[in-house]
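I opened the notebook to look up aromatic rings and what surrounds them. The entries follow the order in which I checked things.

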Amino acid sequence: MAGPGIGKTSLTEAIAERLSGDLNILQIHGSSALAAVPFGVLTPYTGELTAEESVSPVAVLRSMWTYFEKLKAVRGAPVLLVVDDAHHLDDASAGVVADLISAGWATVVAAARPRPGLPQPLDQLWYDGLAERVDLRPLNREQIEEVLAHVLDGTVPAATVDSVWIASGGNPRILDALLHDAAESGVLAKRNGIWMLLGPVPADGAQLTAVVTKDHIRRGPEEQEALKLIALAGPVGRKVIEDISGAAVVRSLLDQQMIIETSGVPAELSMWNALFANAIRSTISVSRSLQLLEKIRARQNGTVLRGDGMLRSVEWAFECGLRVSDPEMLDAAREALRRFRNLSARTIAAKIQDPALLPLAQAVQARALYNEGAYSEAAHLLDSCWLQLSDDPDGPAVLLLRAAAHQATGQSLNALAEGTRKRLQDHAGGGYQPQNQLLRVMRFLQLGAAVDAGALATEVHEIRSSASAEPGGESVRVLGEALLAHALAAAGRAGEGLDSALLAASDLPPLEDSLFFFTEFVLGRLVTDYLAMGEWESAERELNNYAAGHTPGAATFNGSLEVLRGYSLLRQGRMERAYQVLLPAVEALRLNDPLQLFRFGSSLGFYVAARLGDAAQAKRLEQDFTDAMAGGPAHELLAAAYGAAASEYLSRDGKGLATLHTLATTQDATARAGTLLEILAICWDLGDPSVIPMVQSVAKTVEGRWAQAMLTLAAGWEAADGDALMGTAASLEEAGLVNLAREAYARASTVLEQAGERRRSRQAVALREKCDHELGERFREGRFIAAAPAVHLTRREQDIVGLAVQGLTDREIAQRLMVSVRTVEGHLYRTYVKLGVRSRDELESALPK
């Protein structure tokens, strides 16, 4: 039992093919055209009956039995009757099939849709225990991931899996067509070994069009028209479609799960899959579409459309060449923008001619362009409209978007701020106000870029204490709080910064539909504050909550947020997982970098690749890091630090470490205790114990459990008390700071070994290995590891490596062990890291004896 396209026909065909050598296979295909004809589908097996006998159940059953006996006489094999589309069987034919099963004359495999379901005689078999029911469901995300890993040669990042899963709805037929059309059009492309979606999945591709056409051919004209109406207008009122096509047709399409009904007043109908709806629309001529539009409008009786229904109404009018009022177009363009339907937003807004609405329409176009990564075009449009919107409630948001677009093209923020002030002065003339909201926006941006926590705190306090209702006040307040949150974290006051970030987050609801990306802007600062404090779980929760609630924005912001996720994993010491997250994130940021994190992200990827010993990837990412524009002072210091450390891991010539020491003494670093402590931790990770006294000094001034853990570890390290270090390690492990616990155990093992306590030393090594296992890796050049104990491979790793050494490919190993190719690749990679090798050729010589 399965809905359309889930694979029931493919499964029955595979069963028939697999068993064709052992059984006599007979096939019956149910048909809506024969559903009203008694025994119609059984005609191939009852051809010798007279007209009178052909309607007799007993005669038909006897004829079937005779046919089966002839087959058995030839091959001596039992009969397997395969029935496709069994929901279309007439009751008489279904009764004969049920009798065949009950009598034991044949084994039957029947495929049907759950709505309307099997005819009663076949359904009764399940209730009587004579049949087994298997429900096939759409592929879940994990299954989609496994399919993509099987058919695509390379890494398929989570963002690509999510997009394909959502677009296909888990439907195998749509999935197959989608992948073919996306690859054929170049939308699905392999970049540096990573499969990326470079744009929306095409709805007019040859394979998807063929699926839609085949589905239409099987339907009567009433169902065809109803599906076209719903695809063109949906969501559309159920009563409207029932008035045109009839209630029976609507019920039939609901039963077939081709359309879905949303609750509410009035109830609305939509296609089961948005991509399928788009594909149907692409097959309809303009003249036919106009006829259907007139039918819909004639029955809507002035219904006020909202949300997606309103947007679709305007899009449909344009497709038919009809005129829409400018206010309606502006509302529709903003609705499209809210749903990240960027092309639609740009197309609609570009048609607005009313001079009073034109500046806002240009701003909408600019935000859509920004979402698509077209920063120069967005900046050009914003230059022409921001001043006219200076007194509009959207004014601060538009100015922020303009600043972001110009910074993305490499323009200096200070130069942009100076130009903005001058134009505001010229525009206001004698009415120029120094505390204008737009001026405050630019002032906040400059202070944020300088990471000036003191000045930001003063400005934000002034806003908090005032009760100004000036238009755009919420935007300015959220901006100030978010920038202050980041500056405080850098200054080592992450607890205070978290308060500011949470205040900013509490003010976000009114700004949900803003022309600036306040939600993502605040999220980045909130996550950064949690990470500065060492609250890994809280940071992960915020990222997951955003991903769950903001699916339409994934194509725009996924790369930025995955960089933050990778940064979190790196800070936790989970380098291998960070590597798996950061490489696809950097590729995504090549396409779209709305939060301007490419340089920071490439520095993190460079660091992790170098630390794991992947020199090829590290050198490629080093070039990205070197070529990237600076992402602003807020991230530049850390980007430089991770880049220098990565260079040191690659070359081990002391130059990278010297650069880190220089960075730690700069004015920017010494003025930001939180950032300075992170730089010192990077040095310590490289095996430089000379920074430990400075770590103790700085950590005392930094808020959060991570800083306190660093202080405790540094103090214990200096004291060199084995028992105390074991206690420190245990407490750090219990607190979830596993990477720091690992280092405490490593130090304890060395101290205890030197003291002659070899049993305790071995215990410390074992506990350190336990931390390694929890973190998911072991580093060949880990910090201060006392001794290199024997490498331990898991049972699964041993099985996979053994087959790899025999010369089997990843796919052959996967088939032998009945796992996915991706699972094999993952286990092999972890084994390479454990054994310190880079390829299969080195495996055999490196295996433990």
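I started with Trp 272, which counts as partly exposed because its relative accessibility is 22%, and buried would require under 20%. The model is predicted.

Next I looked up Phe 276, which is buried at a relative accessible area of 3%.

I then counted the aromatic pairs in the structure and got 17. Trp 272 and Phe 276 make up one of them, with 5.9 Å from centre to centre and 45° between the planes. I entered this pair as tilted.

Is the pair of Tyr 370 and Phe 517 stacked or edge-to-face? I found the ring centres 5.4 Å apart and the planes at 20°. Stacked needs planes under 30 degrees apart, so I entered the Tyr 370 and Phe 517 pair as stacked.

I checked where these two rings lie along the chain. Tyr 370 belongs to helix α17, residues 358–371, while Phe 517 is in the loop between α24 (494–506) and α25 (518–533). The two are 147 residues apart, and I noted that their pair links distant parts of the chain. Both Tyr 370 and Phe 517 are buried.

I followed the ring pairs outward and arrived at a cluster made up of Phe 340, Tyr 370, Tyr 375, Phe 516, Phe 517, Phe 518, Phe 521 and Phe 557.

Last, I looked for charges over rings. Arg 525 has its charged end over the ring of Phe 521, 3.9 Å from the ring centre; Phe 521 is also in the cluster. I also recorded Arg 571, whose charged end sits over the ring of Trp 706 at 4.5 Å from its centre.

Notes
Residues are numbered from 1 along each chain as its sequence is written. This is a predicted model: local features need pLDDT of at least 70, side-chain atom pairs count only at pLDDT 80 or more; totals for chains, interfaces and linings use all residues. Side-chain values use heavy atoms; hydrogens and water are left out. Rings of Phe, Tyr and Trp (its six-membered ring) pair if their centres lie within 6.5 Å; planes under 30 degrees apart count as stacked, over 60 as edge-to-face and the rest as tilted. Buried means under 20% relative accessible area, exposed over 50%, partly exposed in between (1.4 Å probe, protein chains only). Helices (H or I, at least four residues) and strands (E, at least two) are DSSP runs, numbered from the N terminus. A charge sits over a ring if NZ of Lys or CZ of Arg is within 6 Å of the ring centre and within 35 degrees of the ring normal.
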